[in-house]
Amino acid sequence: MVISSTFGFTVHRREPELVVPAKPTPREIKKLSDIDDQEGLRFQIPVVLFYKNNPSMKGKDPVGVIREGLAKTLVYYYPFAGRIMEGDNRKLMVYCNGQGVLFIEADANIMINQLGDNILPPCPFMGEFLHDVPGSGGIIGCPLLLIQVTRFMCGGFALGIRFNHTMVDGYGLMQFLNAITEFVKDASAPSIPPVWQREQYLNARSRPRITCTHNEFEQIPKYKSSSDVMDSDNLIQTAIFFSPKDIQSLRNQVSSENFLRCSRFDLITACLLKCRTIALNPADPDEMVRISIIINVRGKQGMPDIPTGYYGNAFIYPAAVSKAGTLCASPLSYAINLVQNAKAQMSEEYIKSVADLMVIKKRPKYTTNWNFIVSDLTRIGFDKVDFGWDNPVYGGIPWTTPVISFYNNFKNSKGEDGVVVPIYLPPFAVEKFQYEVKKMTSQSVCTV
């Protein structure tokens, strides 16, 4: 048993175990798609869900309930129980060997209410509720899922999940989690059968060709002003909560006829992009900054006909580009135009061009030089995963990188439903960034 202590409470963790499929599964090798195995997805992402006690579940152990549901789900999602291999041209594939996923049982000597708003990003307790098992954090040859269930003294619990992003995106993970909830509630099979078929969908064409402009992958020299700022080991993770009042304040600034279709996502992203750039204070106003929008292609008109049940990565992240000085000096409507222009690039040809680019250029990573990538998780449903204890009080990705931010639903201590966004910044920029966001969300006069 391992004991760790921080912020005045202790978490007792049992030794990690491997949970294998409840029944024998095929032993085979399955290739990932050319969207799955790009360099930019070769990392692991944490998800955490916090549940309060539910008197109707008295006598039920969340550890046992979830572990049993997981084993049954792995019968259908058996590639998760395998290990990633790398072949020619850096092609990734899954050796489906039934080895299992890592599972940790834990107990915390604290009640969930005592954590307060600390459960929202950036959660300072992630290391307690999702232990990084030594040797498990790689891509090749490592478990594809790490799951920790931590009981609280009040009867609530935390579910921490870390997943290999090359295997699945947010929608695919939700499909997997929903299957677990169905088995927990005595289903005989998932209501949505999983679909692999990655050799058929989102793969490069037989004669790869790059037919679109991909600003998100443009490899440009790193100027001193940008590389020193965001490559620092001293970056600080902070978070911004956007209440309905904040969103309305932003909307009031762009109420011209041109922005009647401006979404909540557009407003938040434009605000963050502009405030982040101002706070980072580029030395050269002509330096080019990028906003990359992660766009799910499932079910979109004119997109590849991806079948229901497909749980691989099915998204792109086209980028729009602007001079830093122009962005900082322009009204919010200019930043909104950038966001909408990035989204407008999505097409079936664009997706095919990305897949082809991966093969032609040997799976490059997105550019990190003055690039800001955002992913909206508010409609995925992490906050609605019910194992019998009702919906979590928080569910999402409480994490960020120097380049990527994830939008999560959250209800603050005032009872307001809003969006929380974690973001990394260098120390000198944090206070300026928070000031700029507050100033922008306090305005009420149209500036266009």
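**Exercise 1. A salt bridge between loops**

In this predicted model, the side chains of Lys91 and Asp34 meet in a salt bridge, with 2.9 Å from N to O. Work out where the two partners lie along the chain, and whether Lys91 is buried or exposed.

*Solution.* Start with the loops: Lys91 sits between β6 (83-86) and β7 (92-96), while Asp34 sits between β4 (28-31) and β5 (44-51). The pair is 57 residues apart and links distant parts of the chain. Next, apply the cut-off: buried means under 20% relative accessible area. Lys91 has 10% relative accessibility, so Lys91 counts as buried. Asp34 has 6%, so Asp34 counts as buried too.

**Exercise 2. From strand to network**

Find which residue forms a salt bridge with Asp107, and which network this residue belongs to.

*Solution.* The partner is Arg151, with the closest N and O atoms 2.9 Å apart. Asp107 belongs to strand β8 (residues 101-108) and Arg151 to strand β9 (residues 145-151), so the salt bridge ties together parts 44 residues apart in sequence. Now widen the view: shared partners join Arg14, Glu17, Asp61, Arg67, Glu105, Asp107 and Arg151 into one network of salt bridges.

**Exercise 3. Two helices that cross**

Describe how helix α1 (residues 62-76) and helix α3 (residues 170-184) cross, and which classes of residue make the contact.

*Solution.* Take the geometry to begin with: the axes come within 8 Å and cross at roughly 115 degrees. The crossing of α1 and α3 is right-handed. Then list the contact residues, among them Val65, Ile66 and Leu70 of α1 and Phe176, Ile180 and Phe183 of α3. Sorted by class, the contact has 10 nonpolar, 2 polar and 1 charged residues.

Methods. Residues numbered from 1 in each chain as written. Predicted model: local features only at pLDDT ≥ 70, side-chain atom pairs only at ≥ 80, totals over all residues. Heavy atoms only, no water. Axes fitted to C-alpha atoms, helices over the stretch in contact; angles between N-to-C directions. Helix = DSSP H or I, 4+ residues; strand = E, 2+ residues; numbered from the N terminus. Left-handed = near helix turned anticlockwise from the far one by under 90°. Contact = heavy atoms within 4.5 Å. Nonpolar A, V, L, I, M, F, W, Y, C, P; charged D, E, K, R; others polar. Salt bridge = Lys/Arg side-chain N within 4 Å of Asp/Glu carboxyl O. Buried < 20%, exposed > 50% of the residue type's maximum accessible area, 1.4 Å probe, protein only.
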